[in-house]
Amino acid sequence: QVQLQESGPGLVKPSQTLSLTCTVSGGSITTNYYAWSWIRQPPGKGLEWMGAITYSGNTYYSPSLKSRTSISRDTSKNQFTLQLSSVTPEDTAVYYCASSVGLNGEYDYWGQGTQVTVSS
């Protein structure tokens, strides 16, 4: 059973960089054809796909967030990381990591989510 666990600070100040890590257990982030995504849900809004890193290390980003988003991985730790720069209160959300076969939007495993609040 694959498990994903998000970790990182719950409070970030405006203009700073938000950094979250997803630790994967029960499976490898280099498993062929898999993609590992970051998805967020602001309060009262729907899910928003932010970007993903594939099993081969290729990255893909939402056009609306591309200029501020970076996703990387550490295969030795079986982790992938999100960095979102220049945050504002509008970036306040529950952040999830999730896995899928390819980038088809059909996620088979999700982390529990972590609340991140942007506030001074």
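**Reading the β4–β5 hairpin and its surroundings**

Mentor: Start at the hairpin of β4 and β5. Between its strands lie 6 residues, and there G44 takes a positive phi near 75 degrees. Keep in mind that this is a predicted model.

Trainee: How many bridges join β4 to strand β5, and do the two run parallel or antiparallel?

Mentor: Read pairing as a count plus a direction. Here 6 bridges join β4 to β5, residues 48-54, and the strands run antiparallel. For a single rung, take A35: its bridge partner in β5 is T54.

Trainee: Which residue in β9 is the bridge partner of W38?

Mentor: Take the strands, then the residue. Strand β9 covers residues 93-101. It is joined to β4 by 8 bridges, again as an antiparallel pair. Within that pairing, W38 has C97 as its bridge partner. So β4 has bridges to β5 and to β9.

Trainee: How many residues of β4 are buried?

Mentor: The cut-off comes first: buried means under 20% relative accessible area. Strand β4 spans residues 34-41, and 7 of its 8 residues are buried.

Trainee: Is W38 buried or exposed?

Mentor: Place the residue, then apply the cut-off. W38 is found in strand β4. Its relative accessible area is 0%, so W38 is buried.

Trainee: What separates the C-alpha atoms of W38 and S7?

Mentor: Keep two distances apart: along the chain and through space. Along the chain, W38 and S7 are 31 residues apart. Through space, their C-alpha atoms are separated by 12 Å.

Trainee: How many helices and strands has the chain?

Mentor: Count elements, then check the overall dimensions. There are 0 helices and 11 strands. The radius of gyration is 13 Å, close to the 14 Å from the globule rule for 120 residues, so the chain is as compact as a globular protein of that length. The C-alpha trace spans about 40 × 25 × 25 Å along its principal axes.

Trainee: What share of the contacts comes from residues 24 or more positions apart?

Mentor: Set a minimum separation before reading the share. Among contacts with a separation of 6 or more, residues 24 or more positions apart account for 55%. Burial is a separate reading: 39% of the 120 residues count as buried.

Trainee: What does the chain expose?

Mentor: Read the area, then its composition. About 6100 Å² is exposed, and carbon and sulfur atoms supply 47% of it. For charge, count both signs and compare their centres. The chain has 7 positive and 7 negative side chains, with the centres of the two sets 8 Å apart.

Note on methods. Residues numbered from 1 in each chain as written. Predicted model: local features only at pLDDT ≥ 70, side-chain atom pairs only at ≥ 80, totals over all residues. Heavy atoms only, no water. Helix = DSSP H or I, 4+ residues; strand = E, 2+ residues; numbered from the N terminus. Rg over C-alpha atoms; globule rule 2.2 N^0.38 Å. Buried < 20%, exposed > 50% of the residue type's maximum accessible area, 1.4 Å probe, protein only. Contact = heavy atoms within 4.5 Å. Areas by Shrake-Rupley, 256 points an atom, 1.4 Å probe, with all protein chains shown as cover. Lys, Arg positive; Asp, Glu negative; His and termini not counted. Charge placed at Lys NZ, Arg CZ, Asp CG, Glu CD. Pairing = 2+ DSSP bridges.
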